[in-house]
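This report covers the strand arrangement and the internal cavities of one protein model. The structure is shown first.

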Amino acid sequence: MASKISTIGFDADDTLWHNERFFRLTQDRFAELLSDYTNSDHLADRLLAAEKRNIGRYGYGIKGFTLSMIETAIEVTEERVPARVIQELIAAGQDMLAHPIELLPHAQATVEAVADTHRVVLITKGDLLDQERKLAQSGLGDLFDGVEIVSEKTPEVYVDIFARHGDGATQGMMIGNSMRSDVVPMIEAGGWGIYVPHGLVWEIEHAAEPTGARRYREIADLGGVAELLEQIEHA
Ligand SMILES: [Mg+2]
């Protein structure tokens, strides 16, 4: 049965542009800087635990990640980490905040095409300033009818956003690389959840695939959006 979609939400990090790979590179640098103090497997676990602990305090993004690296460095060295290493960790975080964005394949053409036919909204977590910077740098900013930088992506958040930018979540579609943040809560909100795997996924963003859900789809990359819309709206 055909279903009319009025508003399409796009996730930003690792959906429109690369993100996780810069976190991985910085994590490697972190391990290198602390290699004299601890082994790296253990270190990765400790860092992840700190990130999880701190999400409720700092939210998602590079600033919180940097603070978590510093906290972990102090912990694993039993407060012996030299100030020089802390300085390098701060510099590594600042490098991430200055890193030029790299659009993913089909991102620009897809958002351009969809913006002609639907309302489009960028929906992302992360640091406000950093996400604004990346959006400005992406050149895609003018294509979006709305930009929502939120602290968490829950069903309630999607209900609210799609009500304000269209005809509600039931006539909305969310496209993103995180099963836990982009797909599952959007389906719970009554909308379409479209999974576009990126390959690198932050451990915190994993969730079980909602295989039985009628409004769940997976596409290999953003080049599949046009055909998907055709199927859903003109079936
Ligand atoms: Mg993402």
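## Sheet and cavities

In this predicted model, six strands make up an open sheet with parallel pairing, in the order β3-β2-β1-β4-β5-β6. The edge positions are taken by β3 (146-149) and β6 (216-218), each of which pairs on one side only. From one strand to the next, the twist averages 20 degrees.

Within the sheet, strand β4 (residues 172-176) and strand β5 (residues 192-195) run parallel and are joined by four bridges. Glycine 176 is found opposite tyrosine 195 of β5.

Two helices that lie across the sheet strands can be described in turn. Helix α5 (residues 107-117) lies across β1 (7-10) and β2 (119-124), and runs at about 160 degrees to β1. Helix α9 (residues 225-233) lies across β1, β4, β5 and β6, at about 155 degrees to β4.

The structure also contains two cavities of 30 Å³ or more. Their volumes and lining classes are listed below.

| Cavity | Volume | Lining by class |
|---|---|---|
| Largest | about 480 Å³ | nine nonpolar, 13 polar and 12 charged residues |
| Second largest | about 100 Å³ | seven nonpolar, three polar and three charged residues |

The lining of the largest cavity consists of 34 residues, and those nearest its centre are Asp13, Asn19, Tyr60, Trp202 and Glu205. Five helices each supply at least two residues of this lining: α1 (20-33), α2 (40-58), α3 (62-76), α6 (128-138) and α8 (179-188). In terms of domains, domain 1 (7-18 + 101-233) and domain 2 (20-97) each provide at least three residues to the lining of the largest cavity.

The second largest cavity has a volume of about 100 Å³. It is lined by 13 residues, of which Asn19, Phe22, Met96, Arg133 and Lys134 are the closest to its centre. Two elements, α1 and α6, give two or more residues to the lining of this cavity. The most comes from α6, with three residues.

Where does the second largest cavity lie with respect to domain 1 and domain 2? Both domain 1 (7-18 + 101-233) and domain 2 (20-97) give residues to its lining, so the second largest cavity lies between them.

Asn19 is among the residues nearest the centre of the largest cavity, and is also among those closest to the centre of the second largest cavity. Helices α1 and α6 likewise appear in both descriptions, each supplying at least two residues to the lining of the largest cavity and two or more to that of the second largest.

Methods: Residues are numbered from 1 along each chain as its sequence is written. This is a predicted model: local features need pLDDT of at least 70, side-chain atom pairs count only at pLDDT 80 or more; totals for chains, interfaces and linings use all residues. Side-chain values use heavy atoms; hydrogens and water are left out. On a 1 Å grid over the protein atoms alone, a cavity is a set of points where a 1.4 Å probe fits but cannot get out, and a pocket is an open set with protein on both sides within 12 Å along at least five of seven lines; lining residues have an atom within 4 Å of a point. Grid points are joined across faces, edges and corners, and a volume is the space filled by probe spheres set on the points. Ala, Val, Leu, Ile, Met, Phe, Trp, Tyr, Cys and Pro count as nonpolar, Asp, Glu, Lys and Arg as charged, and the others, Gly among them, as polar. Domain bounds come from an automatic or database domain assignment. Two strands pair if DSSP finds at least two bridges between them. Axes are lines fitted to C-alpha atoms, for helices over the stretch in contact, and angles run from 0 to 180 degrees between N-to-C directions. Contact means heavy atoms within 4.5 Å.
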